[in-house]
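Visitor: Walk me through this one. I would like a reason behind each label.

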Amino acid sequence: MQWAIKLDMAIPRPIRVILRGVGQVFFCGNAITGLIFLIALYVGGITAGLAATVGVVASTITAYVLGFSEDDIDAGLYGFNGTLVGPCLFLFLENTPLLWVYVVFASILSSVVLAALIRILIPYKIPASTSPFVLTCWMFMIAVYSFDSLTRGPVLPAPGIPEAIAGTDLPATAWLSMANETTELWYVALTKGIAEVMFADNVLVGILFLTGIAITSWRGAVMALCGTFVGVTVPVLLGASQNLIEMGLYAFNPVLTMMAIGWVFLKPSAGTALLALLAGILTVICQAGLANFLAPAGLPTLTFPFVLTMWMFLFAASMSKHWSSQ
Amino acid sequence: MQWAIKLDMAIPRPIRVILRGVGQVFFCGNAITGLIFLIALYVGGITAGLAATVGVVASTITAYVLGFSEDDIDAGLYGFNGTLVGPCLFLFLENTPLLWVYVVFASILSSVVLAALIRILIPYKIPASTSPFVLTCWMFMIAVYSFDSLTRGPVLPAPGIPEAIAGTDLPATAWLSMANETTELWYVALTKGIAEVMFADNVLVGILFLTGIAITSWRGAVMALCGTFVGVTVPVLLGASQNLIEMGLYAFNPVLTMMAIGWVFLKPSAGTALLALLAGILTVICQAGLANFLAPAGLPTLTFPFVLTMWMFLFAASMSKHWSSQ
Amino acid sequence: MQWAIKLDMAIPRPIRVILRGVGQVFFCGNAITGLIFLIALYVGGITAGLAATVGVVASTITAYVLGFSEDDIDAGLYGFNGTLVGPCLFLFLENTPLLWVYVVFASILSSVVLAALIRILIPYKIPASTSPFVLTCWMFMIAVYSFDSLTRGPVLPAPGIPEAIAGTDLPATAWLSMANETTELWYVALTKGIAEVMFADNVLVGILFLTGIAITSWRGAVMALCGTFVGVTVPVLLGASQNLIEMGLYAFNPVLTMMAIGWVFLKPSAGTALLALLAGILTVICQAGLANFLAPAGLPTLTFPFVLTMWMFLFAASMSKHWSSQ
């Protein structure tokens with residue numbers, strides 16, 4: 001919205017760049033949106049908020065020091081991967097003083113990897129998106145098995161063969177036949193689906209995120225809502241784990257996919273909205289597949305199902321006579 | 001052959017495009033060849049034939065609807081990945097009504113992934129080949145561990161560490177010292193090696209496939225025969241599992257590699273025939289390696305050993321002063 | 001140094017090309033340096049020396065026969081991957097006569113993969129480095145589980161879930177509080193860190209390698225020393241396995257990373273020296289992460305942590321206004 005853009009420009013440059021970095025997690029290069037996201041992160045938990053702050057500052061400073069594109073830095077593009085690195089490592093690893101140093105190094109690496117992927121993808125005009133965050137966090141999380149001074153937290157899935165995943169949970173197909181009793185379940189799952197993009201298992205955080213997105217773009221907010229709806233409905237229909245669906249863990253990837261395809265990177269139309277829906281559905285299957293593929297190594301998918309699906313659809317869209325990138 | 005090309009053009013366009021899609025599984029953009037392949041698929045099993053039909057139709061329609069290159073669609077290039085997706089999912093997953101929906105979505109995704117890979121590979125003039133089929137089927141097969149409404153079939157290898165693979169079977173080195181008794185074994189292994197490209201464990205299907213290829217190109221048929229010979233001989237020499245060799249499961253990848261290198265993508269000559277032989281031998285080792293690498297996740301190699309080896313040899317050939325692409 | 005360059009040119013061409021191939025393992029396109037490396041390899045063990053000789057000859061001849069760039073062949077670029085393939089397969093697999101044939105095929109493939117990767121990386125002006133050696137050896141090592149005539153040696157890690165790695169060894173953090181008693185440990189670890197680039201667990205070999213590098217470039221030797229220092233210090237601080245650190249198994253990757261970033265591929269300056277230090281530190285974490293990621297398949301990292309880190313930093317450097325490639 002107009003007023004949000006004006007307010008964004010009124011904020012002193014260093015703070016604006018950092019806040020935009022937070023906003024870019026949901027493709028919003030606006031400091032007001034970023035501020036709402038940051039407040040939401042602190043609402044979700046002080047440690048998560050601090051870790052995100054350290055991450056976004058470290059990755060943005062790295063980009064300045066290493067001399068990467070100032071335009072990209074100003075847009076907050078060198079901030080959102082760091083924003084995600086911080087809370088991710090504090091969620092999955094044991095909280096120790098050394099972990100703060102570890103987060104700083106991971107944030108630095110995320111900016112190096114982002115610059116590298118931007119370079120690789122230049123000929124194709126395709127965004128690197130959150131892939132630097134995912135690749136860096138995978139490396140830093142799985143490395144701790146070799147180090148005595150850092151430890152896996154209880155949330156990080158233990159390494160093992162994927163069959164162990166099946167049958168541990170109640171499938172959610174029951175939801176379909178008892179819509180009345182489950183209205184609250186749906187409400188919780190849908191909002192948490194948005195909150196989990198930044199690792200928050202919290203309804204209020206999801207609502208704040210959605211508000212922040214709506215300030216930047218209505219279409220963006222609608223796509224986010226459709227994404228979380230797909231990310232709850234499709235796994236219910238397929239009979240996925242009720243527990244994972246309730247926590248929004250199938251929804252945060254379709255949220256990002258539908259925002260990327262239906263709003264950010266292709267020219268908005270009815271056609272791209274349908275394409276976004278198709279991409280959202282396929283993201284769910286991609287997430288289940290990747291989760292089982294990574295199980296032997298003990299890694300979570302993070303946002304890689306979104307990255308993979310978005311890449312496939314954007315590369316494919318550039319071969320179509322129907323769509324053009326924005 | 002001339003008459004096959006004429007007959008191909010006489011078939012109504014929609015049917016021609018679909019049949020060419022089936023033919024392209026063995027690089028044959030000819031509807032008559034495709035018709036023979038499709039008949040062979042139904043000979044192998046009604047379900048496999050139906051699944052292939054659903055797959056090729058769904059993936060081809062997807063390409064039309066999403067607006068991809070009409071020339072490519074007409075040549076059947078948006079059909080062969082779908083042709084393979086169908087029988088693959090019906091072989092490895094439990095046959096349920098929902099599986100037909102699953103096959104349709106996988107076939108749709110295979111066309112999106114193909115367009116994406118064509119775009120990525122444009123600067124290099126390298127074909128995507130069956131990689132979209134492999135990537136899509138891996139994702140869709142391993143995803144079912146998370147869903148209650150779809151189940152792994154008995155043929156899909158259970159996830160586990162690769163050492164489990166060793167020692168479960170009689171090694172085939174004995175074949176070498178008793179050529180007389182094993183003439184029939186060789187005959188069966190060689191024909192099944194061609195049939196297994198489309199998941200058929202059936203001698204007659206292999207002979208029909210070879211006939212279909214010969215109609216399009218003699219050199220193609222010779223390369224297919226050499227490929228299956230390499231795919232039986234080399235694993236016998238290395239002492240691989242007799243059971244797998246007999247079923248042709250080491251041969252279908254070298255068949256495709258030798259056809260691609262020795263006939264389709266490089267200018268035919270004595271030199272490229274030798275290069276194809278080298279590529280065929282290395283495909284066998286690549287297949288054994290990839291099979292063990294994928295074992296912890298419980299995935300079969302499908303045709304990825306062929307794709308990897310072909311890519312390496314085609315990229316390398318473009319750096320050579322000897323060969324040029326066709 | 002000047003005299004080394006003159007001597008290099010005085011050696012007959014075929015021998016010069018082969019020796020340069022050995023020298024290129026440490027980025028030294030000089031036959032005298034290569035000769036010192038080769039002598040060091042034989043000092044480390046006759047089999048390793050012979051295997052390296054077979055590998056470098058086979059991969060170089062392959063490049064000639066397949067018609068790849070003569071300039072690249074003359075610089076020894078088609079030799080160093082073969083040089084590494086030979087000792088690698090003889091270290092990790094059981095020594096049998098058939099293994100020599102296996103090494104020849106792997107060396108041939110390494111040259112094909114190198115040409116392919118050179119082609120892929122041309123638009124980016126990024127070197128393939130030792131990635132063909134790593135990819136080829138991974139494939140050939142893990143393939144043996146399927147073959148009766150080749151066997152895993154005792155050094156190759158058995159497939160299993162990564163947690164098994166943790167807790168098997170004394171962490172090395174104790175070193176920090178007892179600097180006196182550990183002077184010899186440090187000396188051994190630092191020299192072996194250089195020797196392990198070519199799989200030698202031997203102090204003298206490390207010293208010979210360092211001498212060979214110094215003959216070509218002082219800056220190269222300094223970077224190698226800094227790299228092995230980082231590769232011992234950082235894992236000690238993080239509490240990695242004392243046993244692995246003592247054998248130099250955390251150090252050979254940072255050695256190569258720091259030489260690549262701080263000497264070979266970027267214009268030498270104080271800035272690139274600091275960048276090399278950062279890259280060296282991150283290589284250690286990358287190595288730990290990759291080791292645990294590969295554990296389920298039973299594969300060692302080889303030099304892939306170096307390759308990955310170097311690629312990220314070189315791609316990123318090409319996006320920076322500070323650095324330019326040499």
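Guide: Only 7% of the interface residues of chain C are also interface residues in chain B, so the copies meet through different surfaces. This is a predicted model: local features need pLDDT of at least 70, side-chain atom pairs count only at pLDDT 80 or more, and totals for chains, interfaces and linings use all residues. Residues are numbered from 1 along each chain as its sequence is written, while chains are lettered from A and ligands numbered from 1 in the order in which they are written.

Visitor: What makes chains B and C related as by a three-fold rotation axis?

Guide: A turn of 120° and a shift of 0.0 Å along the axis lay chain C on chain B with an RMSD of 0.0 Å. The two copies are thus related as by a three-fold rotation axis. The superposition is by least squares on the C-alpha atoms of residues with pLDDT of at least 70 in both. In chain C, the C-alpha nearest the axis belongs to P296(C), 3.7 Å from it.

Visitor: How many residues of chain A are in contact with chain C?

Guide: On chain A, 29 residues are in contact with 31 residues of chain C. Contact means C-beta atoms, placed from the backbone, within 7 Å.

Visitor: Why is N253(A) called buried?

Guide: The cut-off is 20 or more other C-beta atoms within 10 Å of its own, with C-beta atoms placed from the backbone (12 or fewer is exposed, in between is partly exposed). N253(A) has 31, so N253(A) is buried. Leaving aside neighbours within four places in sequence, its contacts include G231(A), T283(A) and F306(A).

How values were computed:
Contact = placed C-beta atoms within 7 Å.
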